[in-house]
Each structure stands twice: as C-alpha cells, then as structure tokens.
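Here's a walk through one chain, with the details picked out by topic. Have the viewer open as you read.

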Amino acid sequence: MDLARFPRIRLGHFPTPLEPLDNLTRLLGGPRLWIKRDDCTGLSTGGNKTRKLEFLMAEAQARQADVVITQGATQSNHARQTAAAAAKLGMQCHILLEDRTGFTEFDYTDNGNVLLDRLHGATVERRAGGSNMQAEMESVAAQLTQAGRRPYVIPGGGSNPVGALGYVNAALELVNQSVEMGLRIDVLMHATGSAGTQAGLVAGLQAMNSTIRLLGIGVRAPRDKQESMVFGLACLTWALLGLHGELPRAAVEANCDYVGGGYGVPTPGMAEAVTLLAQSEGLLLDPVYSGKGMAGLIDLVRKGRFAKDQNIVFLHTGGSAALFGYPDAFGLATS
Ligand SMILES: *Cc1c(COP(=O)(O)O)cnc(C)c1O
C-alpha cells in the first residue's frame, strides 16, 4: 500500500494525540479507556473531515477547481471544515444544508457550525429534509459551470474513496502510535455516519493485518444499511489503493442501537455522555455524533461487553461547534 502516490494538501495537525481517559476508566470500573484526539486536527475547531479534505482538496486543486460545493445537515461539521479548507486554499465554497430535524430555533438554524460556515465566507443555501442532495449539488455545479466557473463537488461527509484515504492514513498513524507507546489496542470505537471514516479505517487496518477490532456506533441508518454502506465504500477504497485479495465482510461492524429518535435528535444517553466527559475529563463531545458514539461505548462497558484488561480507544471525531446549536439538550439551568 502506497498512500504517498495520492496528492495530499496538509490542512491539519498530525499526528493527533492518543491519551488515556483515566477518570472515565475509574468511574466505569474498567476496561482501560483511551481517546484518539481527531477533534484536535486544528482546522476551524477540528474534526474528522479534515483528514478526508486533505486528499479531496488536493484532487480539487489538481482539477483546477475554483469553487467547491458540498452538502450536509444544518449543523454539519463537514460543511464547516470544507468552508475553512476552501478559505485557506483561496477557493470559494458553496454549501447546501438539508433540514433533517425540522428544528426551527435560531441557535440550531444559524449558530454553531452555520455561523462558522458563513464566517469562513461560504455561501449557504437550504434544502428541505429528504431532498436528493447529490442531485441538488449537481444542479448547482451545472449552473456554476454555465457561468464560467470550475466547480468540484464533494459528497456529503467527504465520503468517497478519495476522502476515505484520510482514514486509511489515520489507521497507519494509530498503529504507529500504539507501537511507540507499547499499547496493545483491543478495540477502536467511533461514531459512524456517511461511512468514510469507518471505511478508511477498515481498509487501513486490514491492509496492515491488524488485530484491532473496529466498532462503529451508528448515528442515522439501521445496522444492515450502515454496514453495507461502510463495506461498499471500504471495497472501493481497497481497490483505489490497488490492494489484492478480498476485504472480509466480517471486518465491518456497526452497532446502531444508539440512534434514538433519528439523525441529530438528542437522546438521554447522548446528554449523559456529553455531560460526563465534560465534567470528568474536561472534554467536549458533540450532540450528533461523538456524544452518541460515547453513549454506545458507556452502555457496552456497563453491560460488561469488554474484559477489564482490554484497551479500548474511542476515536473522537470532533463536532463540539454543534453544541452551540443545541443549548437546550443538556437539561442545564438557564438564568
Ligand atoms: C461526520 C462526522 C462523523 C461520522 O463520520 P463519517 O465518515 O461521516 O461516518 C463522526 N463524528 C463527527 C463529529 C462528524 O462530524
């Protein structure tokens, strides 16, 4: 596997730290919990999309694009990181935001990530929930091409094989860290949505014959759909890397029991997880992804699904800017 032959533009601070969660480990009574800080990638409050954008924006530049188009939910972290990357590279950014929740509070519709999208100079347009967002982007791209521009369309979440290369690289980074630290990682867990993160990790870990068990916690789709999305993208990423042999379907595992009422809809487990990490570790999770991912981790630990001597790494995929879109989700007193 030779990642160096794919064009990449440096946008983040890497490697991200791998740190112990001593207080949470003590509170839950083991196993040994660790956190991989991909919330600290540095670009506009950080997050997992930065790794994907290093490869996607390099492709956009290679194609001489002058404007990037992408889409996401209203409080999309991907849209915010894309807006920041475009600003840094002197490209325009056009964002389509899909109303997946129906929430109408100002903080949800205009604060948090949406404020940052605009601050980075992106243009923001809204679309109704359930719109065909890929088709909407293609139609904006056609209009821009007509007007003499050179658009580059990035799929939702940056989840295509080129974007997933960012998480192939993250798998290499994590395995190297574990070797340097003498840390045997048993399980790697993270929130999975548009599938690029998990697909890249699966491909990278398999390419290294790693024995780390990878477990995604779903935030939107039911298990069958989530796992087949991840597997499909992992196979395409495997092919892009020119790897031989078959990617085992069993390497893709997603637990979708923590979605609750739907994508972006708060759950009690999420609120508990976000509050617990804020108050025991001084760490900020987010209400849509890492909060539900951590809720899954906490619940599985409480159910005794891991041995006490195992090392479990939670990949923190970022998203804290979305907290400001959800001020009422945590049952906190207001004055
Ligand atoms: C996008 C996102 C995820 C999910 O990553 P996918 O590659 O879309 O599966 C997880 N956490 C946060 C904070 C995100 O913004």
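Is Ile 312 buried or exposed? It's buried, with a relative accessible area of 0%. Keep in mind throughout that this is a predicted model.

## Around Ile 312

Ile 312 sits in strand S10. Setting aside residues up to four places away in sequence, it touches Pro 31, Arg 32, Leu 33, Trp 34, Val 187, Met 189, Leu 297 and Phe 306. Leu 3 is another story: the C-alpha atoms of Ile 312 and Leu 3 are separated by 27 Å, with their positions 309 residues apart along the chain.

One of those contacts, Pro 31, is worth a second look. Pro 31 belongs to the loop between helix H1 (22–28) and strand S2 (32–37), and the peptide bond leading into it from Gly 30 is cis, with omega near 0°.

## Backbone oddities

There's a cis peptide bond between Phe 14 and Pro 15 as well, with omega about 0°. Pro 15 is placed in the segment before strand S1 (18–20).

Then there are positive phi values on residues that aren't glycine. Ser 44 has a phi of about 50° and sits in the loop between S2 and helix H2 (49–62). At 15% relative accessibility, Ser 44 is under the 20% cut-off, so it counts as buried. Ala 195 has a positive phi of about 90°, and it isn't a glycine either. You'll find Ala 195 in the loop between strand S7 (187–192) and H8, where it's buried with a relative accessible area of 3%.

## Aromatic rings

How many aromatic pairs are there? The count comes to four. Take Phe 103 and Tyr 108: they pair edge-to-face, 5.2 Å centre to centre, with 75° between the planes. Why edge-to-face? Because the planes are over 60 degrees apart. Phe 103 is partly exposed at 26% relative accessible area, whereas Tyr 108 is buried at 2%.

Tyr 108 also pairs with Tyr 326, again edge-to-face, at 5.5 Å centre to centre and 90° between the planes. Tyr 108 lies in helix H4 (residues 106–110) and Tyr 326 in the segment after strand S10 (311–316), so this pair ties together parts that are 218 residues apart in sequence. Both Tyr 108 and Tyr 326 are buried. Put the ring pairs together and you get a cluster linking Phe 103, Tyr 108 and Tyr 326.

## Charges over rings

Tyrosine faces also turn up next to charged side chains. Lys 49 lies over the face of Tyr 289, 5.5 Å from the ring centre. Arg 51 lies over the face of Tyr 167, and there the distance to the ring centre is 5.6 Å.

## Helix packing

Start with helix H8 (residues 196–207) and helix H9 (residues 223–240): they pack at an angle of about 50°, with axes 8 Å apart. H8 and H9 are therefore oblique to each other, and H8 passes H9 in a right-handed crossing. On the H8 side the contact includes Gly 196, Ala 199 and Val 202, and on the H9 side the residues met include Val 230, Leu 233 and Trp 238.

Helix H10 (residues 268–280) and helix H11 (residues 290–302) pack at an angle of about 90°, with their axes 8 Å apart. That makes H10 roughly perpendicular to H11. Among the residues making the contact are Gly 269, Met 270 and Leu 277 of H10, together with Gly 291, Met 294 and Ile 298 of H11.

## Two spots on H7

Val 175 is in helix H7 (residues 161–181). Which residues does Val 175 touch, not counting those up to four places away in sequence? They are Leu 205, Met 208 and Ile 212. The C-alpha atoms of Val 175 and Leu 205 are separated by 8.4 Å, with the two residues 30 apart along the chain. Val 175 counts as buried, at 18% relative accessibility.

Asn 169 lies in H7 too. Leaving aside neighbours within four places in sequence, Asn 169 is in contact with Leu 3 and Arg 8. At 16% relative accessibility, Asn 169 counts as buried.

Conventions. Residues are numbered from 1 along each chain as its sequence is written. This is a predicted model: local features need pLDDT of at least 70, side-chain atom pairs count only at pLDDT 80 or more; totals for chains, interfaces and linings use all residues. Side-chain values use heavy atoms; hydrogens and water are left out. Rings of Phe, Tyr and Trp (its six-membered ring) pair if their centres lie within 6.5 Å; planes under 30 degrees apart count as stacked, over 60 as edge-to-face and the rest as tilted. Buried means under 20% relative accessible area, exposed over 50%, partly exposed in between (1.4 Å probe, protein chains only). Helices (H or I, at least four residues) and strands (E, at least two) are DSSP runs, numbered from the N terminus. A charge sits over a ring if NZ of Lys or CZ of Arg is within 6 Å of the ring centre and within 35 degrees of the ring normal. Axes are lines fitted to C-alpha atoms, for helices over the stretch in contact, and angles run from 0 to 180 degrees between N-to-C directions. Angles under 35 degrees count as roughly parallel, over 145 as roughly antiparallel, 65 to 115 as roughly perpendicular and the rest as oblique. A crossing is left-handed if the near helix is turned anticlockwise from the far one by less than a right angle, and right-handed if clockwise. Contact means heavy atoms within 4.5 Å.
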